[in-house]
Amino acid sequence: MADKPKKTKSDFEREAEQEQMGVVAEFVDFLLHNKKWWLIPIILVLLLLGIAVMFGGTGAAPFIYTLF
């Protein structure tokens with residue numbers, strides 16, 4: 001009786017079995033590995049602008065408009 005050869009997992013299969021990272025963790029990992037530190041101020045400004053737009057549609061709108 002011949003034994004079947006054991007399959008070894010490829011790198012792709014091993015990566016697929018690992019637990020997936022969240023968006024923020026993946027972005028931080030990208031910044032650390034690629035040293036794209038200049039992206040941090042751009043992302044922060046976009047987040048602050050998004051928060052201001054979000055609050056612009058609520059009861060806090062009169063206070064937001066005085067900032068601009």
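This section describes the helical architecture, surface character and selected side-chain contacts of a predicted model.

The chain contains four helices and zero strands, and its elements follow the pattern α-α-α-α when read along the sequence. Of the 68 residues in the chain, 9% are buried. The accessible surface amounts to about 6800 Å², and carbon and sulfur atoms account for 68% of that area.

Helix 1 comprises residues 11–17 and holds both partners of a salt bridge, Arg14 and Asp11. The closest N and O atoms of this pair are 3.0 Å apart. The structure holds one salt bridge. Arg14 and Asp11 are separated by three residues in sequence, about one turn of the helix. An α-helix has 3.6 residues a turn, so residues three or four places apart point the same way. Side chains of opposite charge can pair when their charged atoms come close. The two partners fall into separate accessibility classes: Asp11 is exposed, with a relative accessible area of 53%, whereas Arg14, at 43%, is partly exposed. The value for Asp11 lies above the 50% limit over which a residue counts as exposed.

Helix 2 spans residues 23–34. Its twelve residues should cover 16 Å at 1.5 Å a residue, and the C-alpha atoms at its ends are indeed 16 Å apart. Just after this helix, Lys35 adopts a positive phi of about 50°. Two residues of helix 2 illustrate its surroundings. Val24 is located in helix 2 and counts as exposed, with 64% relative accessibility. Phe27, also found in helix 2, has a relative accessible area of 29% and is therefore partly exposed. When residues up to four places away in sequence are not counted, Phe27 touches Leu39 and Ile43. Leu39 is one of the buried residues of helix 3, while Ile43 belongs to a nonpolar patch on the surface.

Helix 3, residues 39–56, has 18 residues. The distance from its first C-alpha to its last is 26 Å, close to the 26 Å expected at 1.5 Å a residue. Leu39, Ala52 and Gly56 are buried in this helix. These three residues lie on the same side of helix 3, because they cover an arc of only 160° around the axis. The other side of the helix carries the exposed residues Leu47, Leu48 and Met54. Helix 2 and helix 4 (61–65) are the elements against which the buried residues of helix 3 pack.

A nonpolar patch of about 1100 Å² is present on the surface. Val24, Val28, Leu32, Trp37, Trp38, Ile40, Ile42, Ile43, Leu44, Leu46 and Leu47 make up this patch. Helix 2 and helix 3 are the elements that give two or more residues to it. Helix 3 gives the most, with six residues. Val24, the exposed residue of helix 2 described above, is among the members of the patch. Leu47 is another member, and this residue also appears among the exposed residues of helix 3.

Taken together, helix 3 has a side with the buried residues Leu39, Ala52 and Gly56 and another with exposed residues, including Leu47. The buried residues of helix 3 pack against helix 2 and helix 4, and helix 3 also gives the most to the nonpolar patch.

How values were computed:
Residues numbered from 1 in each chain as written. Predicted model: local features only at pLDDT ≥ 70, side-chain atom pairs only at ≥ 80, totals over all residues. Heavy atoms only, no water. Buried < 20%, exposed > 50% of the residue type's maximum accessible area, 1.4 Å probe, protein only. Contact = heavy atoms within 4.5 Å. Patch = residues over 30% accessible without salt bridge, like charges linked within 9 Å, V, L, I, M, F, W, Y side chains within 5 Å. Areas by Shrake-Rupley, 256 points an atom, 1.4 Å probe, with all protein chains shown as cover. Salt bridge = Lys/Arg side-chain N within 4 Å of Asp/Glu carboxyl O. Expected span 1.5 Å × (residues − 1). Arc of directions from axis to C-beta.
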